[in-house]
Amino acid sequence: MVQYAVLIFERETPGGLADIPPELTQARFELDQRIAERGGRILAGMALDQTHTATTVRGTAVTDGAFLETKEALAGLFVLEARDLDHALELARLAAQVHEIIEVRPLVGFEIVRRDGEDRS
Amino acid sequence: MADAHRREWAYVLAATVRVTRDLDTAEEAVQEAYVRALRTWPRDGVPDRPGAWLTTVARRIALNMARDAQTLRTKLPLLLEPEAVEMPEIDDIVDDRLRLVFICCHPALATEARVALTLRLVCGVATPDIARAFLLPEATMAARLTRAKKKIAAARIPYVVPSPADLPERLDAVLTVIELLHAVGHTAYSGERLVRDELTDRALDLARLLRDLLPREREVAGLLALLLIHRARRTTRTDAEGRLLTLAEQDRARWDRGLIAEADRLIVAALRAGPPGRFTLQAAIAGVHAQAESYAETDWAQILTLYDELVRVWPSPVVALNRAVAVSMVDGPATALAEIEELERDGRLAAYHYLPATKADLLRRLGRDAEAADAYRTALALTANAAEQAFLAGRIGSSRPDPGGDARIDY
């Protein structure tokens, strides 16, 4: 199996999560299950708050907002395990049914750091 | 030797990839196998099965390379392969060429990378020759190829024939690459003639290869037929000075009737087998032109029917423009002009010189010479191609009688 980052880009709306229809939110929750049914696995996932809440640090300078100002902003990402790129793209298409734009990138490394000096996985 | 290179390269490379699971190493090994053939064949004679000889040698070289590299192996991931990696019998791997074609034309690669990879890995064309064909510095082309191969390895694009569900879309990507190769060779008047012919030759080779490997795919038959008809007319497309000739001006007696008949058989079979796709329809249109005894005797009604269908399966403004030419022959230039003006408002063809050139021709046929001259000037400003410029410049202010319009787009 190969690990990919699946990056999710969305156009931001003023109300944030509140603007998303409940059926869509439900469908997004079910993505994990649908991917598993097709032989893939989501190892980790995260949803990002809107870009106006971001702060960018470069060197010593601190500025308000996200580093990349794009029409569709990075809204979240998950780590996907798939057989190969064709499989990963098949699963990404499922994600694209409930999100606007999906970018698939192979991972060079992925690890979860545990607290309190536990072993790293 | 050149023959063995051209005919066997894809087979040998595909077979070697089975062992190396890495395109780069396989490519290097096959290159080296050809170098050895160049040394030994003149001395010992050409082996009975050159492909098998080359494959055996290339695989041995690849295995040695892998052994040598084992210790300092860069961690480039290997190509994904579902089966185990023992050496399969040589006869099992014939269809590995298909995997090679599909990996080179994978939609995850940029279009220009697909074209370059296909030429390099499937056709075995050397990188400097590919660079020359696309009028690019060799280093640029080499970098493009390297980047594409790195992506295949890093993103794990699988070395497989797509599943039946994905096949239509993936096959269309392959056919598009072949069509593009042909188009570059067909219209790149700025390049050397030999380089251009080489590209159209390669496109035809690829279409024939694909036809052998996927005999039931109708669109493969359609593309092959289309390229055969272009080939049949190749020598008549320009005059002795290299000036472009329209379909109306070409010497039909010099068209290759054998190739046209071959194309016709493919088209008829493809049309009978089910609803035609865009390549079959383009071939059918080219076929109607090719069957006509003279430009005046062209069955325009039939061509228009085919264009109606083509616009339906492939709603592209370029197709709509070509269809307008057929409309002008069936319903007259005034009706066609209305369609051209519609396309102008659409705006997607704003930079496409065939649009004002076609408009100019219709205006000329309607006797609106001053407006026609304006349109020719617009077209002239949009093309960088010397032969096209000469053609259009000749049209401005010319009242040369032309029985059937320019029909600039020749299928």
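Here are some informal notes on this structure, which is a predicted model.

1. Let's start with how chain B is laid out. The domain assignment splits chain B into four pieces: domain 1 covers 1-73, domain 2 covers 96-215, domain 3 covers 226-298 and domain 4 covers 340-411.

2. Domains 1 and 2 of chain B touch each other, with twelve residues from domain 1 and twelve residues from domain 2 making the contact. On the domain 1 side, helix H1 (2-20) and helix H2 (23-44) of chain B each put in at least two residues. H1(B) provides the largest share of that side, at nine residues. By class, the domain 1 side facing domain 2 is made of eight nonpolar, one polar and three charged residues. As for spacing, the C-alpha centres of domain 1 and domain 2 of chain B are 20 Å apart.

3. Now the contact between the chains. Here five residues of chain A meet seven residues of chain B. Sorted by class, the chain B side of this contact has six nonpolar residues and one charged residue, with no polar ones.

4. Helix H16 of chain B (residues 354-365) is worth a look. For its twelve residues, a rise of 1.5 Å a residue predicts a span of 16 Å, and the end C-alpha atoms do sit 16 Å apart, so the two figures agree.

5. Is H16(B) largely enclosed or left open? Ten of its twelve residues are buried, so the rest of the structure largely encloses this helix. Leu355(B), Pro356(B), Ala357(B), Leu362(B) and Leu363(B) are among the buried ones. Don't expect nothing but greasy side chains in there, though: Lys359(B), Asp361(B) and Arg364(B) are also on the buried list.

6. What do those buried residues pack against? Their partners in chain B are helix H14 (317-330), helix H15 (333-346), helix H17 (369-382) and helix H18 (386-395). Just past the end of H16(B) comes Gly367(B), with a positive phi of about 80°.

7. Last, a single residue: Gln302(B), which sits in helix H13 of chain B (residues 300-313). Why does Gln302(B) count as partly exposed? There are 17 other C-beta atoms within 10 Å of Gln302(B), and a residue needs 20 or more to be called buried, or 12 or fewer to be called exposed. If you are also looking at Trp255(B), note that Gln302(B) and Trp255(B) are separated by 47 residues in sequence and by 21 Å in space, C-alpha to C-alpha.

Notes. Residues are numbered from 1 along each chain as its sequence is written. Chains are lettered from A and ligands numbered from 1 in the order in which they are written. This is a predicted model: local features need pLDDT of at least 70, side-chain atom pairs count only at pLDDT 80 or more; totals for chains, interfaces and linings use all residues. Two residues are in contact if their C-beta atoms, placed from the backbone, lie within 7 Å. Ala, Val, Leu, Ile, Met, Phe, Trp, Tyr, Cys and Pro count as nonpolar, Asp, Glu, Lys and Arg as charged, and the others, Gly among them, as polar. Helices (H or I, at least four residues) and strands (E, at least two) are DSSP runs, numbered from the N terminus. The expected span of a helix is 1.5 Å times one less than its number of residues. Domain bounds come from an automatic or database domain assignment.
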